[in-house]
Amino acid sequence: MADLGLKAGDRVLLLWSQPSSPERLKELAETLGALVGGQLSVENTERLVLSAHSASSYDWVLSGLLPDGAAIHSSELLEEIARIMTPGGKLVLEEAVTGSESNGVRTAEKLMSVLKLSGLISVTEMKTEPLSTEASTALRSTTGFQGNTLSRVRVSAAKPNYEAGASSQLKLSFAKKTPKPAEKPALDPSAAKLWTLSANDMDDDDVDLIDSDALLDADDLKKPDPASLKAPTCGEGAKKKKACKNCTCGLAEELEQESKGAQKASQPKSACGSCYLGDAFRCASCPYLGMPAFKPGEKVLLDNMQLTDA
């Protein structure tokens, strides 16, 4: 058993099942007790769930290692084994398996899957050997298995380094991380020297300043003719003058003035000057006779209601 990694001080639980020989069980228990220094407990697999062991009580659990035993590890039994193991504890078990699952006898792959579903990790198949005659007979009588593909497999597993249902606070930071600025490339000392200008490098006697007025000639100082500022095609090409969109040459203002003058010329002239006050102030020949009062200079418009015959 020393090849399993047992050492002095380890708390070990040895599980056995029918029809194990009492002599073989005693011999195995004495060997394990001497190896771990007396920290050994022996329990029947059918009584383990009823024994109510404290959680995390054993560093090692050895089950079904007697060659004449025929233990079938149910899911309930494996869950109880995982409960009483310490975090990081080890489990080594042996169980009869078959090539195809039948009558409660599992395949090696199914056994390893059940171990994982029980909360154990690092499930590994250690070895496979033929099943003894005593164990095969006992298994057939208890399960009714009739096949000829029985063998014995040894599997090891471990409990995670935490208890089931344990919680731990996660240190999460939701602060927005500021990206580090990109490192600037190192400057070439010779290039930096070329672009360095000190007061000693400037000598007023050697610097020729250009007068900005000297850049203008006589033609630049002349006031331009407004006609020359008009666009060449502005108002041309049509029978009636029309200003361009966003006109800047003055044609739009000119056409607006002409339009206002035409409106004033089309209005009838008043002889008395009081036509806008209404019929009470108009003479018999007034062109606005019958029209409503209006403001001076305003064009009189009649709505549809006034134009309707009575």
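**Notes on the sheet and the main pocket**

1. Five is the number to start with: strand β3 (residues 58–63) and β4 run parallel and are joined by 5 bridges. Bear in mind while looking that this is a predicted model. For a spot to centre the view on, try W60, which stands opposite K90 in β4.

2. The link between these two strands deserves a look as well. Together, β3, α3 and β4 form a β-α-β unit, and its hand is right. The helix in that unit, α3, covers residues 75–84, and strand β4 takes in residues 85–97.

3. Next, go to the other partner of β3. Strand β1 (residues 12–16) runs parallel to β3, with 4 bridges joining the two. Here L13 has V61 of β3 as its bridge partner.

4. β4 also pairs with strand β6 (residues 151–158), and this time the sense is antiparallel, over 8 bridges. You can pick up the register from V92, which sits opposite S156 in β6. So β4 has a parallel neighbour in β3 and an antiparallel one in β6, if you count by DSSP bridges.

5. How covered are these strands? β3 is mostly covered, with 5 of its 6 residues buried. β4 is mostly covered too, and there 10 of the 13 residues are buried. Buried here is a relative accessible area under 20%.

6. Now the largest pocket. It holds about 320 Å³ of space. Its lining is made up of 17 residues, and those closest to the centre are S17, T45, E46, A71 and I72. Three helices, α2 (48–51), α3 (75–84) and α5 (133–143), are the elements that each give two or more residues to this lining. Note that α3 turns up here as well as in the β-α-β unit.

7. Which element gives the most to the lining of the largest pocket? That is α5, with 4 residues. As for the chemistry, the lining has 9 nonpolar, 6 polar and 2 charged residues.

Conventions. Residues are numbered from 1 along each chain as its sequence is written. This is a predicted model: local features need pLDDT of at least 70, side-chain atom pairs count only at pLDDT 80 or more; totals for chains, interfaces and linings use all residues. Side-chain values use heavy atoms; hydrogens and water are left out. On a 1 Å grid over the protein atoms alone, a cavity is a set of points where a 1.4 Å probe fits but cannot get out, and a pocket is an open set with protein on both sides within 12 Å along at least five of seven lines; lining residues have an atom within 4 Å of a point. Grid points are joined across faces, edges and corners, and a volume is the space filled by probe spheres set on the points. Ala, Val, Leu, Ile, Met, Phe, Trp, Tyr, Cys and Pro count as nonpolar, Asp, Glu, Lys and Arg as charged, and the others, Gly among them, as polar. Buried means under 20% relative accessible area, exposed over 50%, partly exposed in between (1.4 Å probe, protein chains only). A crossover is right-handed if, with the strands pointing away from the viewer, the path from the first strand over the helix to the second runs clockwise.
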